[in-house]
Amino acid sequence: MVLFLDFNPFDNLLCILLGISFTVWFTLLLVFIIVPAIFGVSFGIRQLYMKTLLKIFEWATRRIERGAKDKNHPLHKPYSNAIIAKEPTSLEEEIKEIRRSGSNRDLDSASEFEMSDIFYFCRRGVESIMDDEVTKRFSAEELESWNLLTRSNYNFQHISLRLTVLWGLGVVIRYGFLLPLRVTLAFTGVGLLVVLTSIIGFLPNGRTKNFLSEKVHLMCYRICVRALTAIITYHDSENKPKNGGICVANHTSPIDVIILASDGCYAMVGQIHGGLMGVIQKSMVKACPHIWFERSEVKDRHLVAKRLSDHVEDKTKLPILIFPEGTCINNTSVMMFKKGSFEIGSTVYPVAIKYDPRFGDAFWNSSQFGMVSYLLRMMSSWAIVCSVWYLPPMSREEGEDAVQFANRVKAAIARQGGLVDLLWDGGLKRGKVKDTFKEEQQKLYSKMLRPTWGPQNGHSSAP
Amino acid sequence: MGSRASTLLREEEIEEIKKETGFSHSQITRLYSRFTSLDKGENGTLSREDFQRIPELAINPLGDRIINAFFPEGLDREDQVNFRGFMRTLAHFRPIEDNEKNKDPTASEPLNSRTNKLLFAFRLYDLDRDDKISRDELLQVLRMMVGVNISDEQLGSIADRTIQEADQNGDNSISFNEFIKVLEKVDVEQKMSIRFLH
């Protein structure tokens, strides 16, 4: 009994202190983050934060380089520069060159086959083993400078006390302060989204409902943006997508959706998931028409196309947001766009999203991390900095088919974002490449063997 | 997420590989990065599937033959190649530097010599590894290169012509020496070399 009496005043004090700090915490949160999110204004805190971080990173990188030089330790430079230089010559040119160097006959008396032809395939094959355009797009980009995250540094050995202390401080700040803050915000944002959209769902369809739904969506996405400390610069907002159009963008991570949707209202397209995602999806669709597909419906291309075109024809409905690559790419390139969204025939509004990798790599490598661990990684990085460019709208031109249109849009996005434009399919992340590509190579080579007989299929063509 | 490249490859190993293959320190660490990014199983070796996952290699008509060159032991499906073996095979494609030509003639021939480059190409043709290219083997390799676009008879006559020109001892197949003779004028050094940056 006596013991209890002793602890009571302490308990009270502790409770009071905890209560006060929680209140202070939530007030700060409200004033500095949630209220501005509701009204779409910014105090500029994040910009200042970004500048400070950059200065620290530069110092850290220089320190590492100096440390490495002092110890005479060769630094592991990332291969953001390629390992090898590839010759840009075509199959025909190169095989002709090989034959020319080896033959003492006149080249016009066309040799059909030379044993040296194999050199071309040999070299190309081994070049692709050393460095190819595709497989490196499915893993995170390597950086020159160090951003105080061990996950992105390969030279991290004990170089100086100051550096290690700085890194330790970084860990404490990120996991002790930033992460809980962000998780709170994330829960607030998502919770508000679910609750408010369900409430709005009860209103009759009409202008009030649309207006409120827009405001609610924007507000919740803005809170989520702050939950990730995403510092976004929007360019050319006059080109923002309008009703009845389709917005296409390059895909790096699920965060792309939050980034775009916090600046404008879109109708989302996607598969219905179970769990928390499913709950969010079902409540969102109560407030305004998004396009969610059952798993079974996704395979039916005609059904998908019909629902999309029905949606765009209704001018009161919001523009659709689609990521035509179909999978996440590491933000150094843009891969093949699936032609489905380009067949529908409405105006396409291309958007280019480029992340600044210095602050935290936003790429979602789904084979390495699940969604939850990915989000935790994002929330424990310093910040997510990116630029969004709204490109002028494009439509399909006369005589252009869907694939050519898709490639034209892809090229525009790649050019604006400073990304490499690739023809390869993002599906190669998981699947095998089609045999047709190999058959093309074989066809090209066979042409070199045939000048004496003429082509197999009957019509004449110059070799 | 890339790889912890320099932390897993020890300095002694790098020195040994340097001596054996002639690659520079930075080339070895970069290629080790590449090796680990291809190694999906993360067990320090590459299997045939790991190579076939490279799209540009999968569409190469001789892709399978090239992959085979990395597995010298057998044609067993379960073969694995470690980093040393990987580098040894890649070393064939190092360019021949001028100062290497003046090296000590009693030292064993470097992996990227003209003869060894030709041996690499010869082995691509020689399917059963009996050191001879038979008519059948030549036909099979030709078929890989042209696909379905040329008929059997035409391919057959190409093979016959090629063997006729190359064969000197009348055994109707091409030995390595005959192979070297046929290609003596070809600029093997340049065509079977890959240009490295750094």
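Which side chains of chain A and chain B meet in a salt bridge at 3.6 Å, N to O? They are those of A:Lys86 and B:Glu56, and the legends below, all of which describe a predicted model, begin with the interface to which this pair belongs.

**View 1. The interface between chain B and chain A, with the salt bridge of A:Lys86 and B:Glu56.** The contact draws 67 residues from chain B and 64 residues from chain A, and the area buried between the two chains is about 6100 Å², with carbon and sulfur atoms giving 65% of that area. Between chain B and chain A the count of salt bridges is three, and the rule also finds 13 residue pairs in polar contact across this interface. On the side of chain B that touches chain A, helix H3 (residues 25-38) of chain B gives the most, with seven residues, and the residues of that side divide into 39 nonpolar, 17 polar and eleven charged.

**View 2. Helix H4 of chain A, which spans residues 118-130.** This helix has 13 residues and reaches 19 Å from its first C-alpha to its last, which is close to the 18 Å expected at 1.5 Å a residue. Because twelve of the 13 residues of H4(A) are buried, the helix is largely enclosed by the rest of the structure. Among these buried residues are the aromatic side chains of A:Phe119, A:Tyr120 and A:Phe121, and the buried set also includes A:Arg123 and A:Glu127.

**View 3. The salt bridge of A:Arg123 and A:Glu94, within a network of charged residues.** The closest N and O atoms of A:Arg123 and A:Glu94 are 3.0 Å apart. Since A:Arg123 lies in helix H4 of chain A and A:Glu94 in helix H3 (residues 91-102) of chain A, the pair ties together parts that are 29 residues apart in sequence. Both A:Arg123 and A:Glu94 are buried, and a network of salt bridges links these two residues with A:Arg124 and A:Glu127. Side chains of opposite charge can pair when their charged atoms come close.

**View 4. A:Asp131, in the loop between H4 and helix H5 (161-200) of chain A.** With a relative accessibility of 5%, A:Asp131 counts as buried, because a residue is called buried when this value is under 20%. The side chain of A:Asp131 makes a polar contact with the side chain of A:Lys136, at 3.4 Å.

**View 5. A:His290, in the loop between helix H8 (275-287) and strand E5 (291-293) of chain A.** A:His290 is buried, with a relative accessible area of 6%, and its side chain reaches the backbone nitrogen of A:Met268 at 2.9 Å. When its neighbours within four places in sequence are left aside, A:His290 is in contact with A:His217, A:Tyr266, A:Ala267, A:Met268, A:Met284 and A:Val285.

**View 6. Two further salt bridges, one in chain A and one in chain B.** In chain A, the closest N and O atoms of A:Arg408 and A:Glu400 are 2.8 Å apart; A:Arg408 counts as partly exposed at 25% relative accessibility, whereas A:Glu400 is buried, with a relative accessible area of 14%. In chain B, B:Arg53 forms a salt bridge with B:Asp50, for which the closest N and O atoms are 2.9 Å apart. Here B:Arg53 counts as partly exposed at 38% relative accessibility, while B:Asp50, at 6%, counts as buried. A search of the whole structure finds 30 salt bridges over all chains.

**View 7. Helix H9 of chain B and B:Asp128, in the loop that leads from this helix to strand E3 (132-133).** H9(B) has twelve residues and reaches 17 Å from its first C-alpha to its last, close to the 16 Å expected at 1.5 Å a residue. Its buried residues include B:Leu118, B:Phe120, B:Phe122 and B:Leu124. B:Asp128, in the loop, is partly exposed, with a relative accessible area of 48%, and its C-alpha lies 33 Å from that of B:Glu13, a residue 115 residues apart from B:Asp128 in sequence. Chain B as a whole holds 13 helices and five strands, and of its 198 residues 49% count as buried.

Key
Residues numbered from 1 in each chain as written. Chains lettered and ligands numbered in written order. Predicted model: local features only at pLDDT ≥ 70, side-chain atom pairs only at ≥ 80, totals over all residues. Heavy atoms only, no water. Helix = DSSP H or I, 4+ residues; strand = E, 2+ residues; numbered from the N terminus. Expected span 1.5 Å × (residues − 1). Buried < 20%, exposed > 50% of the residue type's maximum accessible area, 1.4 Å probe, protein only. Contact = heavy atoms within 4.5 Å. Buried area = accessible area lost by both parts, 1.4 Å probe. Salt bridge = Lys/Arg side-chain N within 4 Å of Asp/Glu carboxyl O. Polar contact = N/O pair within 3.5 Å; in protein donor to acceptor, adjacent residues only side chain to side chain. Nonpolar A, V, L, I, M, F, W, Y, C, P; charged D, E, K, R; others polar.
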